[in-house]
Amino acid sequence: MPDVKHFDPDAVLDRAVLLFWRRGAAATGIAEVVAETGINRSSLYATFGGKRDLYVAALRRYADRQSRPVFDRLAADGRGLPGIAAFFDGLVAARCSGEYARWGCMVSNAHAAQDGSDAGEREVLAAHHEALCTAMRTALLAAREHGQLRGDVDVRTAAQMLALLAYGVNLRSRAGAGPGELADTVDAALRSLSPLP
């Protein structure tokens, strides 16, 4: 007779996302995972394969549920630089206020802590980065169509720059940078792409 789970694996994964997002994988012990998720160690290993596997699954869930919808909105926006500015406005607001203020971004936190040893984690981070750059390229192509970019701007390189800026906003906000400082930096970056007045 198959073992019947007395917990909801999806709910456990959602709780793990919050735990790892707030604390990071390295700083989170297995006892803390057990306490936070409410399942015992043997159920954790049987269902998820251990703390590291649970972390990668939580990271993937965060990327799919937190990041992907934002990237999709940016790619579909169509306004060009105003759409990119709105993306960063939302990012700064999310990182500096509200329930998850000063937590940073789980993916950016993972980039900062990653040692390259986990193939699953590298795969999630690479896919997330490519999705972010693709959304930025789409928005920059719209900006070019609207005449909002300098003629010498390379869209692929600019998309990478803006992706790195997003990671920087996430990490600096976690370290305590204020919304004004972050917004000023974003404004300077976007001005550098615009034609001279």
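These are my notebook entries on helix α4 and the largest pocket of this predicted model.

**Ground rules.** I number residues from 1 along each chain as its sequence is written, and side-chain values use heavy atoms, without hydrogens or water. As the model is predicted, local features need pLDDT of at least 70 and side-chain atom pairs pLDDT 80 or more, while totals for chains, interfaces and linings use all residues.

**Helix α4.** I looked up residues 51-77, helix α4 (helices are DSSP runs of H or I, at least four residues, numbered from the N terminus). Its 27 residues should span 39 Å at 1.5 Å a residue (times one less than the number of residues), and the end C-alpha atoms agree at 38 Å apart. I found a kink of about 40 degrees at Ser-67, shortly before Pro-69; the bend is the angle between axes fitted to the seven residues ending there and the seven starting there. After α4 comes Gly-78, with a positive phi near 80 degrees.

**Buried side.** I noted the buried residues of α4 (under 20% relative accessible area, 1.4 Å probe, protein chains only), among them Tyr-55, Arg-61, Ser-67 and Phe-71. The helices they pack against include α1 (9-23), α5 (81-96) and α7 (119-145).

**Record check.** UniProt, in an unreviewed entry, places "DNA-binding region" at residues 29-48; such annotations may be inferred rather than shown by experiment. I see 80% helix and 0% strand over residues 29-48.

**Lining.** Which element gives the largest share of the lining of the largest pocket? I found that α4 does, with eight residues.

Note on methods: Helix = DSSP H or I, 4+ residues; strand = E, 2+ residues; numbered from the N terminus. Buried < 20%, exposed > 50% of the residue type's maximum accessible area, 1.4 Å probe, protein only. Contact = heavy atoms within 4.5 Å.
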